[in-house]
Amino acid sequence: MIRIYLSRVLGEKRMTQAELSRKTGIRPATINEIYHELTERINLEHLDRICEVLDCPLSDLMNYEPNRIKKTGKDLIVEEHRRRKQSR
């Protein structure tokens with residue numbers, strides 16, 4: 001699973017979501033979804049802008065943690081028409 005640490009980084013920089021939104025030009029709702037780890041996809045341009053404004057590498061914002069339940073191999077999840085379906 002990909003963990004997002006935007007909330008921690010904003011806290012360390014003493015910056016609000018609203019301020020980040022203004023400085024990056026990213027909609028406040030989008031920043032909020034990233035902040036609360038509610039997003040399934042993140043635009044690369046948005047990541048670039050966030051890293052630029054926060055003056056941090058991408059690795060400060062995100063990290064990969066192994067999934068508790070595997071999604072590959074014999075447990076492969078195949079996506080069909082935006083719906084996840086477990087293959088047999």
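Student: Which loop holds Asp55?
Tutor: This is a predicted model. Asp55 follows one helix and precedes another, α5, which spans residues 58-61. Its place is the loop between α4 and α5.

Student: Is Asp55 buried or exposed?
Tutor: Exposed means over 50% relative accessible area. Asp55 has a relative accessibility of 65%, so Asp55 counts as exposed.

Student: What is phi of Asp55 near?
Tutor: Most residues other than glycine have a negative phi. Asp55 is a residue other than glycine, yet its phi is positive. The value is near 50°.

Student: Where is Glu37, and what is its phi near?
Tutor: Glu37 sits in the loop between α3 and α4. Glu37 is not a glycine either, and its phi is positive. That phi is near 55°.

Student: Which class of exposure does Glu37 fall into?
Tutor: Buried ends at 20% and exposed begins over 50%. Glu37 has a relative accessible area of 31%, so Glu37 is partly exposed.

Student: Which residues of α2 are buried?
Tutor: Helix α2 covers residues 17-24. Cover for its buried residues comes from elements that include α1 (6-13), α3 (28-35) and α4 (44-54). The buried residues are Leu20, Ser21 and Thr24.

Student: Why do the buried residues of α2 line one face of the helix?
Tutor: An α-helix has 3.6 residues a turn, so residues three or four places apart point the same way. The buried residues in α2 are Leu20, Ser21 and Thr24. Seen down the axis of α2, they line one face because they fall within an arc of 100°.

Student: Which residue follows α2, and what is its phi near?
Tutor: The residue after α2 has a positive phi, near 80°. That residue is Gly25.

Student: Which helix gives the most to the largest nonpolar core?
Tutor: This core has 16 residues; Leu6, Leu10, Leu20, Ile31, Ile50, Leu54 and Leu61 touch the most other members. At least two residues come from each of α1, α3 and α4. The one that gives the most, with four residues, is α4.

Student: Which residues does Leu6 contact, leaving aside neighbours within four places in sequence?
Tutor: Leu6 is among the core members that touch the most others. Its contacts beyond those neighbours are Leu20, Ile31, Ile34, Tyr35, Ile50, Leu54 and Leu61.

Student: In what order do the elements of the chain run?
Tutor: The chain has five helices and four strands. Read from the N terminus on, the order is β-α-α-α-α-α-β-β-β.

Terms used
Residues numbered from 1 in each chain as written. Predicted model: local features only at pLDDT ≥ 70, side-chain atom pairs only at ≥ 80, totals over all residues. Heavy atoms only, no water. Buried < 20%, exposed > 50% of the residue type's maximum accessible area, 1.4 Å probe, protein only. Arc of directions from axis to C-beta. Contact = heavy atoms within 4.5 Å. Core = buried A, V, L, I, M, F, W, Y, C linked by side-chain atoms within 4.5 Å.
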